[in-house]
Amino acid sequence: MDEIFVSKYRELYKSRSFGREESQSERRRRLLEEQRRQRSLTVDEHRGISAFIQKQPKETKSKEKPAIFDRFYANKLQLSEWMREKPEDLDNWFVVPCPKGKRCLVVASDRTRVYSKTGKMLNTFRSSLEGGKYVTVLDCIYNRPKREFHVLDCLVYRNQEFINCETAFRFFWLTSKFLEYDHAVIHRDNHFAFHYIPRFDCADEASLASAFGTHPHWSENSPPLDGFLFYHKEASYTYGTTPLVGWLFSFMLTEILGIPFLHSEYQKSPPDYTTAQEYMEAFDKRQKAKNRRGRRDSRMEVEEGNSSTVLEEQKQLESGELDMEPEFHEEDKLLT
């Protein structure tokens, strides 16, 4: 794995429990300063892109199938933290409505391949994102019932790297490209629809009112909304968990952010809901228990089957990190 793609900032946000070492706002400030410093040191505009290009299959007559797991694509997704406190600079954030589904990395070159957070290849197919020798890498959510992808972010677009670019520029670029070409139309060379998720500027009161006053965000509430992601406008794309991307369920918005203009559907909370902080802690405990059960079940499969594929999967699962992304809503299954 190219070490330049391993986050250099992990020590700045490794604490995942609120209040243990320093506040989210302080970690955000330090991380932004480090990212700005790294951008100022960048002299090669294609820094790291060669790793993605070299990973693409070469033209060959061999019929050998690609590996089910590929460590290169493991842990490449940018994951959120709970937004436990209202940012002092909320105007410097975007909010993105997030549909329920499975987080995945979509890599398009000669073919389009989909990878899970742990590097498991979930599917391969034709798409309009392909460009032969050009590589495009998108951060997406896959909705299984409708067989469609919803695009969150961009790492690489036709060999142009955006990992080291600010969120505002990545979102501007994605918007312009999806306006130029409709990747949602299914045809012979585009087997799955790709939808660009709308994003809203927290500095614009009308935009913010539209984000939190609109329901549903997708026709006939399909897919249903999972929650809201918040992206700092100046942040680079970071592999792993970062405080510069926040997550809130809709019923937490008023308590954490003081949003007064919520659609009535977003004010409905679970029966056991008391406060946002208590709900976050309980949610994290449930997911940790689920992760432990998953690792135990995988070990049992290894003992019974002695399969090299299962062994590889177990290694990947054990190297994964806990997060509160929509990936929890579906199991790791092949996308069909």
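This tour moves from a five-stranded sheet to a set of salt bridges, with selections to make along the way.

The model is predicted, so to speak of a local feature requires a pLDDT of at least 70, side-chain atom pairs count only at pLDDT 80 or more, and totals for chains, interfaces and linings use all residues. Residues are numbered from 1 along each chain as its sequence is written, and side-chain values use heavy atoms, with hydrogens and water left out.

**The sheet**

Begin by selecting the five strands of the open sheet, whose order is β1-β12-β11-β2-β10 and whose pairing is mixed; strands (E, at least two residues) and helices (H or I, at least four) are DSSP runs numbered from the N terminus, and two strands pair if DSSP finds at least two bridges between them. Next colour β1 (78–82) and β10 (200–201), which stand at the edges with a single partner strand each, so one side of each is left without a neighbour in the sheet.

Then select β2 (residues 93–99), which pairs with β10 in the antiparallel sense over two bridges, and display F94, whose bridge partner in β10 is D201. From there add helix α3 (residues 167–180), which packs on the sheet and touches β1, β2 and β11 (225–232), contact meaning heavy atoms within 4.5 Å. The direction of α3 makes about 50° with that of β2, where axes are lines fitted to C-alpha atoms, for helices over the stretch in contact, and angles run from 0 to 180 degrees between N-to-C directions.

**The salt bridges**

The whole structure holds 15 salt bridges, each defined as a side-chain nitrogen of Lys or Arg within 4 Å of a carboxyl oxygen of Asp or Glu.

Select E34 and R37, whose closest N and O atoms are 2.9 Å apart; these residues lie three apart in helix α1 (residues 24–41), separated by about one helical turn. R37 is partly exposed, at a relative accessible area of 41%, on a scale where buried means under 20%, exposed over 50% and partly exposed in between (1.4 Å probe, protein chains only).

Now select E234 and R36, a salt bridge with its closest N and O atoms 2.4 Å apart. This pair links distant parts of the chain, with E234 in the loop between β11 and β12 (240–248) and R36 in helix α1, 198 residues apart. R36 is partly exposed, with a relative accessible area of 38%.

Finish with E265 and K268, another salt bridge, at 2.9 Å between the closest N and O atoms; E265 is partly exposed at 31%, whereas K268 counts as exposed at 52%.
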